[in-house]
Amino acid sequence: MDVPLPHLDRPFDYLVPEALDADARPGVRVKVRFAGQLVDGWLLERAESSEHPKLAYLEKVVSPVPVLSPEVARLARAVADRYAGSLADVLRLAVPPRHARAEKAVTTDTPPNDEPAPGGTEPDGSPADGTEPDGSPADGTATADGTAPGGVPSEAADAGARPGGRAEVDPRGWRDYPAGPALLRALTDGRPARAVWSALPGEDWADRYADAVAATVAGGRGAVVVVADARDLDRLDAALTAVLGAGRHVRLAAADGPARRYRAFLTARTGGVDVVIGTRAAMFAPVRRLGLVAIWDDGDDLHAEPRAPYPHARDVLLTRAQLGDIAAVVGGYARTAEAQLLVETCWAREVVADRAVVRARTPALAPTGDDPQLARDPGAASARLPTLAWTTARDALRADLPVLVQVPRRGYVPSVACADCRAPARCPHCAGPLALPSAQGTPACRWCGRVAAAYACPECGGRRLRASVTGARRTAEELGRAFPGVPVRTSGREEVLATVPGGAGLVIATPGAEPVAEGGYGAVLLLDSWALLTRADLRAGEEALRRWMAAAALARPGTAGGRVVVVADGALAPVQALLRWDSAWFAARELAERRELGFPPAVRMASVTGAAEAVADLLAGARLPGDAEVLGPVPADEGRERMLVRVPRSRAAAMAEALHAAAGQRSARKAADPVRLQVDPLTLF
């Protein structure tokens, strides 16, 4: 039942009246009477009898279309258990709201194909092929079909005859990666290849994913690919249309609107297409004979669902691959610690290019904070645009090449401080940060929106303000004065540019909004690195490197004049990883440090947030594993506090079950204060 109460997180039995017998199929939406109210629900299973002696009747079948497939129902249950959530919460994410007009437009004469994926699982949820829970063979050696741990076949093992005589898909750009062609052949053969792909600079990742999907389709399987935002979705949509042809796939995104989203969902559910792409809304997409799940740029925080039980698209897709014994690809320019864990546990094999190819494709990378640069320009340590960055941009513009400038913050001046004592300027009403909307604008609060025209510093009484952080619009204004006559464009949340035409010009963009330039950028400047590296966040270094590599990947190769300048000290580990274009090294370093300190993904951690009494009540009723550590409390927001529960990865299921049961006890008692449970939250501090 669609009831958000943890203590009701279980199936309920109802009698099916004869009038509804034909429509009451597993997977349909229904309405039932519960506690005197009519509530929504999903019909999971039909049975001949029940252990309960007295049952109520099913009230209504909302629609005869079985929107919930058995495979997605099993996945939703596994995701709910992993994140200490309720099945109803996950099903609200998995099945979009019904749109009657869109439902009538989709042909439903052919019943949905609910055939389970080959391989399958045992009744306890473990793989049926004898592998370990992480997906690797029990002895850590090559499998019987010649694949390495993780399922990607070696070149030697894959050189023989392939079953079925299926035509090979042209590997094209995958030839730049030694394991790339073998990955495509494994997808065509229907083998559960698992790969962590580190893309080369300048790589058209959408084309590579289109090749992988085409190989899967050639083998008679379907695919689900998840990207972070609408701009990436448009690129992948165009690439798949070029490779597969029009009408061979659908896109599933919440931003497309309820009618279009539901129509795409039903098209996939009824077997109209075998390929679904989309944002995180597509991670539960129903695809028949699913053979591949893939995600691009898994470090992007847009992949994390902000609604309970807060699942991450990467983890949902990997759970789906494990349950269905299917292939999985985790790709990106940078590698996360979670992806590195997949490689180190042999659940997946890394797909990377040789160092010679990396050097040939990488632009010339240089920091501004190392000793040689400081000797030439002593002011580079404090300048926002050091001499090296300025001359690099000037040379690219003189060569009639575009220049990309990445700025971490949007707006004009998003943070100001007292010009006399440097104390941060805060709103006198809500203590929120003050910002300047323009050069002649009046300071205003970013939280409550109140204008602080008569602001006076509470520390020294000063009335003059200075910029603490410079935004993209102010940067565009400054660079426009520095390079008169050069076109300046901005790309951010307000207006995202998809592409930039050839020719000289400056593009000021915030992370994630960098447009693609025809032929690549002649120069890429990465400014205000301190704003990324000094965040009080466990993932600060990882996130900084991810954003830098995404921008640097848009530059031309060094042999074609492409240059990247990062305004940072060259001795910092994220900067070193950027200079060498070696995110795998940095991810391994991060994972080792987190393993030593006891942070995710080396361990599993749950965040319990709420009023102090409510948090204490829930933890007191939770039967946590004996080796669980309870950390805190620490202040959260709005007067609440947070406690953290840490367990080894092997005890993650027991921790989630204990927390969910404790939440059920509180909801059964009708406890007044809510408590938010998050397993492996992106933000811990």
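This is a short tour of helix pairs, a sheet and a salt bridge in the structure above.

The model is predicted, so local features need pLDDT of at least 70 and side-chain atom pairs count only at pLDDT 80 or more, while totals for chains, interfaces and linings use all residues. Residues are numbered from 1 along each chain as its sequence is written, and side-chain values use heavy atoms, with hydrogens and water left out.

**Stop 1: two crossing helices**

Select residues 205–218, helix H6, and residues 230–244, helix H7. Helices here are DSSP runs of H or I with at least four residues, strands are E runs of at least two, and both are numbered from the N terminus. The axes of H6 and H7 come within 8 Å and cross at roughly 45°. An axis is a line fitted to C-alpha atoms, for helices over the stretch in contact, and angles run from 0 to 180 degrees between N-to-C directions. That crossing makes H6 oblique to H7; angles under 35 degrees count as roughly parallel, over 145 as roughly antiparallel, 65 to 115 as roughly perpendicular and the rest as oblique.

Now show the side chains. Among those that meet (contact means heavy atoms within 4.5 Å) are Trp205 and Tyr209 in H6, and Leu236 and Leu240 in H7. The contact residues divide into 11 nonpolar, no polar and 4 charged. Ala, Val, Leu, Ile, Met, Phe, Trp, Tyr, Cys and Pro count as nonpolar, Asp, Glu, Lys and Arg as charged, and the others, Gly among them, as polar.

**Stop 2: the open sheet**

Next, find the 6 strands in the order E11-E22-E21-E12-E19-E17, an open sheet with parallel pairing. Two strands pair if DSSP finds at least two bridges between them. Strands E11 (364–367) and E17 (488–491) are the edges, each pairing on one side only. Look at E12 (residues 402–406) beside E21 (residues 523–526): 4 bridges join them, and Leu404 stands opposite Val524. Then add helix H17 (residues 573–580), which lies across E11, E21 and E22 and runs at about 160° to E11.

**Stop 3: a second helix pair**

Select H10 (residues 337–344) and H18 (residues 583–597), whose axes come within 9 Å and cross at roughly 90°. H10 and H18 are therefore roughly perpendicular. Leu341 of H10 and Leu591 of H18 are among the contact residues.

**Stop 4: a salt bridge**

Finally, pick Arg314 and Asp298, which form a salt bridge with their closest N and O atoms 3.0 Å apart. A salt bridge is a side-chain nitrogen of Lys or Arg within 4 Å of a carboxyl oxygen of Asp or Glu. The structure holds 47 salt bridges.
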